[in-house]
Structure formats: C-alpha cells, structure tokens
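Welcome, and thanks for opening the viewer. Please load the model, keep your selection tool handy, and follow along stop by stop.

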Amino acid sequence: MDPDTKFPKLKWAQRAECLLMTVELADCENVAIDVNEDKNTLIFSAQSGGSKYGFDMELFDKVVKDESKWNTKGRNVILNISKKDKEQEEWWPRLTKDKVKNQ
C-alpha cells in the first residue's frame, strides 16, 4: 500500500453464511475490491475528497469470491462476503486473522 493511503471507517457484522461490511466513504471514486480465496484476503481501494483510502486484510477464515458481492450507495460501500464454511457452529470471533487492532 502507498504510505499516503488512509484506512477508511469500517463497520462489520456477520451471519452464519456471510460477513456484512460497510466502508464509510462519501462520494468515493475508482473503487477497486478484490477477494483472494487462496490467501483469504480482502483488498479495497478508493478515492474520496482528493485522498486515497484502502486496506489489505487477511480474513479470519476462508471465503468464496464467486458468491461475494458489493455495491456503492452514496456515502457507503457495502460488501457482502460469503463464508466458505456456512455450517460452522461458532461464528468468527474477529474479522482478521491477527488479534491486533487496526489503527
């Protein structure tokens, strides 16, 4: 990632079968989202108000790219990331593989 890239405000929730993420960026442009099934990573980048925003995070468990989708809605980018193990008894205790808090 570019050192000038800022981490956007992010909210997330989950269901047994998917992750629901909301990236709060007003009037964003050049939105690029990629889900990598092999590395279990989510890569996001966009521009808003002349600033670059983005993140590259390793998710807690496996996800399915073909069943995942996202949409830009005015002030937010909404992501619906499909989990691979939909029958898992316990939900993810956190979003990322590491137990660290993103700044």
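Start by selecting Phe55, which at 2% relative accessibility counts as buried; here buried means under 20% relative accessible area, exposed means over 50%, and partly exposed is in between, with a 1.4 Å probe and protein chains only. Before going further, note that this is a predicted model, where local features need pLDDT of at least 70 and side-chain atom pairs count only at pLDDT 80 or more, while totals for chains, interfaces and linings use all residues. Residues are numbered from 1 along each chain as its sequence is written, and side-chain values use heavy atoms, with hydrogens and water left out.

**Stop 1: the aromatic rings**

How many aromatic pairs does a search of the whole structure find? The search gives three, where rings of Phe, Tyr and Trp (its six-membered ring) pair if their centres lie within 6.5 Å, and planes under 30 degrees apart count as stacked, over 60 as edge-to-face and the rest as tilted. Add Phe7 to your selection: Phe7 and Phe55 make a tilted pair, with 5.4 Å centre to centre and 40 degrees between the planes. This pair links distant parts of the chain, 48 residues apart, with Phe7 in the segment before strand 1 (9-14) and Phe55 in strand 5 (residues 51-58). Strands here are DSSP runs of E with at least two residues, helices are runs of H or I with at least four, and both are numbered from the N terminus. While Phe55 is buried, Phe7 is partly exposed, at a relative accessible area of 34%.

Next, select Phe60 and Trp92. Their ring centres are 6.0 Å apart and their planes are at 50 degrees, so this pair is tilted. It also links distant parts of the chain: Phe60 sits in the loop between strand 5 and strand 6 (63-73), and Trp92 in the segment after strand 7 (76-83), 32 residues apart. Trp92 is buried, with a relative accessible area of 4%.

Now return to Phe7 and Phe55 and add Phe44: ring pairs link Phe7, Phe44 and Phe55 into a cluster.

**Stop 2: Ala32 and its contacts**

Phe44 leads to Ala32, so select that residue too. Ala32 lies in strand 3 (residues 29-36) and is partly exposed, with a relative accessible area of 38%. Not counting residues up to four places away in sequence, Ala32 touches Ile43, Phe44 and Ser45; a contact means heavy atoms within 4.5 Å. For a distance check, draw a line from Ala32 to Ser48: they are 16 residues apart in sequence and 13 Å apart in space, C-alpha to C-alpha.

**Stop 3: two positive phi angles**

Most residues other than glycine have a negative phi. Select Asn30, where phi is near 55 degrees, a positive value in a residue other than glycine. Asn30 is found in strand 3 and, at 58% relative accessibility, counts as exposed.

Then select Asn40, which has a positive phi of about 55 degrees although it is not a glycine. Is Asn40 buried or exposed? At 10% relative accessibility, Asn40 counts as buried. Asn40 lies in the loop between strand 3 and strand 4 (41-48). Show its surroundings: leaving out residues up to four places away in sequence, Asn40 touches Met57, Glu58, Leu59, Asp61, Lys62 and Val63.

**Stop 4: Asp27**

Move to Asp27, in the loop between strand 2 (18-24) and strand 3. Asp27 counts as exposed, at 63% relative accessibility. Apart from neighbours within four places in sequence, Asp27 is in contact with Gln47, Ser48 and Gly74. Asp27 and Lys9 are 18 residues apart in sequence, and their C-alpha atoms are 14 Å apart in space.

**Last stop: zoom out**

Clear the selection and colour by secondary structure: the protein has zero helices and seven strands, in the order β-β-β-β-β-β-β along the sequence. Its radius of gyration is 14 Å, close to the 13 Å that the globule rule gives for 103 residues, so it is as compact as a globular protein of that length. That radius is taken over C-alpha atoms, and the rule is 2.2 Å times the number of residues to the power 0.38. The C-alpha trace spans about 45 × 25 × 20 Å along its principal axes. Buried residues make up 32% of the 103 residues. Of the contacts with a separation of 6 or more, 54% are between residues 24 or more positions apart.
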